[in-house]
Structure formats: C-alpha cells, structure tokens
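Trainee: I would like to request a close look at a single part of this model, namely the surroundings of the ligand and the sheets of the fold.

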Amino acid sequence: MASRVIPVDPFDLVIFGGTGDLACRKIIPGLYRRYLAGQIPPGARIIGAARADLGHDAYREMVRAAIRDHVSENKQIPETVATFVEHIHYVQLDARGVTGWKELGGLLRKGVIRAFYFSVGPGLFADLAERLVQHGLNSAGARVVVEKPFGHDLQSARELNAVLARCFDEHHIYRIDHYLGKETVQNLMVVRFGNTLFEPLWNARYVDHIQITVAETVGVAGRGEYYDRAGAMRDMVQNHMMQLLCLIAMEPPSMFAADAVRDEKLKVIRALDPVSAGDLVRGQYTRKGDIPSYREDVDNPDSLTESFIALKAHISNWRWTGTPFYLRTGKRLKARVSEIAVVFKKPPHSIFGRQGGRSGNMLVIRLQPNEGIVLNVTIKEPGPGGMRLIEVPLDMSFAETLGEDRADIPDAYERLIMDVIRGNQTLFMRGDEVEAAWAWTDPVIAAWEESGNEPLPYEPFSSGPEDALMLMHRKGRRWREIADEL
Ligand code: NAD
C-alpha cells in the first residue's frame, strides 16, 4: 500500500532562518526523508540563509546533525546523507540589512522552480518580502512560504497580506498551517466526500453536536514570551482549530482543487456567529508539586493570558443551524490528543424499552496519537436474557490497517513542502480566509480584555476548569475523556 513517489521538478528552495529550531527539527529532516524516498531530483538546491556566520561546510555539518537528531535511525543511511548534503548551500544574510543578498542572488538559477521559506520570526516576514523585490529575486512564479503566526489580529494580518500582495501573486503565497498537512485531516475530506454513507447525515437534522479537542500535556516553558502575548485563542483556535472546523462543516467543493476548497472554507468562517461570553471558558494552569504554574512558566505573575479555552460556536447556515460546535484546547492537560467527534442524535424512540437505552452514534476522527477513525454503534449485548444494548467501536486504526507502510507516510511538513514545489495550494490558507478567521476572533478577545476577567485556574494534567465541563453538561451533553486511547 506504499504510495507511489513521483519526483518533483528541479528547484531552488531558500530557507530563511535555516539555522533555527523549525528548520532543524522539521524542514530539513522532512526534505531528507523526501530525498530518501526519491522525490527530490538531482537538480534540487536547498539554500539555508540566516544570520550566523557559517560557510557551506559548517552548514552542511549542521544539516547532518539535524538528520542525526530528528530522523529515525533506520532512515539514516550514510551514503544517502552524504549525497543529500551536496544539495545544501548556505548564505549569511540579514533580513533587515544589506548582508548576503547579492550572494543569494548569485546562487539562484534561472529556469528552475524558486521557493522562499520564511522560517523566521513573524516580525521579519514583511522585511524579507520587500528585500526580495528590492533585489529582484522574486522572479515570475517564485513561491513564498509563510510560517505561523500570520498576524496577531485582523489589522496586522491585513497589513501583512498587503505587503505580500505587493511582492507576490496570491497564487504563489503559501500560508502554512501544518494541521492541514496531517494525513488524517486529509482523510477527513475523503471520509466525507469519498463515501455516500456519511454525507446525507452530515447536518443539523442528524448531528447533535460536534466536539473538537486539541489537548497537550506540555506547558509553555521555552515559548513563554511568544505564548503570553498570544494565548490559546490566537495560538490554536484562530488557525488550527478553525481549519478543522471548516473541513468538518464545509459544503462539498466541486473538486479537490485549491480555490474550490478554500472558497467553501471561507463560507463557513463567514457564517460563524459571534461567541457570547456565556459560551466561553478560559483557564490557566496552576502549580502542582514540581510542575510550575503558567504564570511561572511565562515569568509574568500578573498574566491574564489563557492556556486553556473552551467555547461553543454556531454556524448560521442551512446545514448547521441548531448544531453547536464545541472547541476545546489547552496546555498541561491529561493527555496529548487531537480529535474531532461527530455526535449523532439519539434514535427518536427506543423500541427496546428502558433497558435498551438510547445512545447516539459517534464518529471519532483521531489526528494524534493513534491516527484513525472510529464509529461507535449500538448492538445487542451477546447472550441469553433480555435485550440489553451496548455500544461497540467499529475501528479503523491507520497503524493497523496500513501496517508497516504507515512508517512511510510523510509527516505534515514533508507533504506541504512538496506541495509548494508542485505548486499545489489546496492545503494552504488563502489571505481572505486568514482575515475572516481574525475578524471572528478579534471581538471575542476584545470582549474578555474589556471585562478584565481572570482565566479560571485548573490543575495540571486535569481536563481543564470545571466550568468547561458545564458548558456541555448544561445541555445534557458530555465532553469525551481526554485520553490516549481512542
Ligand atoms: P528560531 O528563533 O529558532 O530561528 C530563527 C531563525 O531566524 C534563525 O535561523 C536566525 O538566524 C534567523 N534570523 C533571525 N533574525 C534574522 C535576521 N535579521 N536576518 C536573517 N535571519 C535571521 O525560530 P523557529 O522556532 O525556527 O521559528 C521560525 C518561525 O517558524 C517562526 O515564525 C515561528 O513562529 C514559526 N514556527 C516555529 C515552530 C517550531 O516548532 N519551532 C512551529 C510552528 C511555527
């Protein structure tokens, strides 16, 4: 079942921030794995560009170390690593100054695909775009990959979009949301639109509610400065969770193509109602034993930033009016889990009487860990005696179904970088989508900032503040347990 690998065309990929954490942990190891798979052609060049004073050789050494540290051992093949690093080059460059731009220009070739990956802090995105134009490096068709965060609010996202639009055509701008590169997220679209089974039921008539959970066990230490300015709403909800919500809720696009998909996602975001204060719970983790509190992690004793958020969203359209979407995300929770649960309505009447019970079916789409899809169905408990009903899972675990080939499924960054080279924008966010997401997020944030309300405390490794449970319980609903097991 291994996927067929088609090599991409020769390219020059410049990684601005090529010595940084993201480049070393994700981008370079991802490129190596694609090289090992045979997808990167001999005519490819990967050019690291960063502030450090390094030569090609020292950078190649850094690339070798990145592979050693972040690629599984069975994929570290010395001959392959040796030929891979021959594709690697380095330029010392200042995004805000004059250093390095001429040298970079000298390395770039005519007639091959050109891509610039902005793997630097967001404060440099605009500088880089403008310098590329100033030095005449944004040749026709050159692609630009922009990391998150894309803006801090609607105003800053608009400004960034405006700068990028002056420098590149929208069809060449790739705004990364690595959630979209995850295997199961794409499978979500195939489950919905490749089967006839679910689509007729995929609406407010049959779906009671939808839960989207992105839970992490880690705290924010190490990213404190950034996180304390962002919080869970900006860091997770505005981008990753919004994308998941769109894919779950959107109408079928006419085809699996960039603008067709993105048009449908945009309609969902624009149909979202404002979130009322009563439909939202913010939390902040406290200290537990040796585990420092959020405020200690960010070194800000008065911080009002949320490390947890749960909210109820409504989509006002024909398909979804009446079906709430519950979103929940946080740090220092019970388990590391990303999943979507589509909870169907109960049968209207139980012919089995009281002992039968009446529970709704639930489709759980698990993004991590244990990627897979489970459908809970009601069956008769085996054995003589009464008609007792139980729920059992119909389980499609990708690890089991796809067996050893699972190990060959590219990770999100690998897939997305290859999509950039192939010129496929389907799994990237369009400028208007990002702005619409901020337009929905901004007033929610403004409302709690105005109220001055403190986030509610919650214990590390719990399910978050009690009030988040109440958000569901009030309506007789229940969050799924935050647990490793599906
Ligand atoms: P980092 O601080 O580890 O690396 C920053 C890089 O930018 C370094 O290579 C540095 O040399 C370079 N740089 C800084 N100032 C420069 C200048 N003036 N001119 C040229 N180069 C300069 O950052 P990171 O963690 O790799 O993050 C990079 C981007 O990716 C950020 O936008 C971040 O938000 C985003 N991101 C990172 C992660 C992650 O896991 N690290 C995850 C998601 C998104």
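Mentor: The following account begins with the ligand and then turns to the sheets and the unusual backbone geometry.

This is a predicted model, in which local features need pLDDT of at least 70 and side-chain atom pairs count only at pLDDT 80 or more, while totals for chains, interfaces and linings use all residues. Residues are numbered from 1 along each chain as its sequence is written, and side-chain values use heavy atoms, with hydrogens and water left out.

Around the ligand there are 22 residues, of which Thr-19, Asp-21, Arg-25, Ala-95 and Val-120 come nearest; a residue counts as near if one of its heavy atoms lies within 4 Å. By class, this shell has 10 nonpolar, 6 polar and 6 charged residues, where Ala, Val, Leu, Ile, Met, Phe, Trp, Tyr, Cys and Pro count as nonpolar, Asp, Glu, Lys and Arg as charged, and the others, Gly among them, as polar. Helix 1 (residues 21-36) supplies the largest share of the shell, 3 residues. Helices (H or I, at least four residues) and strands (E, at least two) are DSSP runs, numbered from the N terminus.

Several polar contacts, pairs of N or O atoms within 3.5 Å, can be named. A polar side-chain atom of Thr-19 is 2.7 Å from an oxygen atom of the ligand, and a polar backbone atom of Gly-20 is 3.2 Å from an oxygen atom of the ligand. A nitrogen atom of the ligand lies 3.0 Å from a polar side-chain atom of Asp-94. The protein covers 73% of the 830 Å² of accessible area that the ligand has on its own, as given by the Shrake-Rupley method with a 1.4 Å probe.

The parallel sheet is open and consists of 6 strands in the order 3-2-1-4-5-6; two strands pair if DSSP finds at least two bridges between them. Its edge strands are strand 3 (88-92) and strand 6 (173-175), each pairing on one side only. Neighbouring strands are turned by 20 degrees against each other on average, direction ignored; axes are lines fitted to C-alpha atoms, for helices over the stretch in contact, and angles run from 0 to 180 degrees between N-to-C directions. Strand 5 (residues 143-146) pairs with strand 6 in the parallel sense over 3 bridges, and Val-145 has Tyr-174 of strand 6 as its bridge partner. Helix 13 (residues 412-422) lies across strand 1 (11-16), strand 4 (113-118), strand 5 and strand 6, at about 140 degrees to strand 4; contact means heavy atoms within 4.5 Å.

In the loop between strand 5 and helix 6 (154-167) lies Pro-149, and the peptide bond from Lys-148 to Pro-149 is cis, with omega near 5 degrees.

A further open sheet, with mixed pairing, has 9 strands in the order 14-13-12-11-7-10-9-8-15. Strand 14 (389-397) and strand 15 (456-458) each have a single partner strand, so one side of each is left without a neighbour in the sheet. Strand 8 (residues 280-285) and strand 9 pair in the antiparallel sense over 4 bridges, with Arg-282 opposite Ile-309 in strand 9.

Pro-369, in the loop between strand 12 (362-368) and strand 13 (372-380), is joined to Gln-368 by a cis peptide bond with omega about -15 degrees.

How values were computed: Polar contact = N/O pair within 3.5 Å; in protein donor to acceptor, adjacent residues only side chain to side chain.
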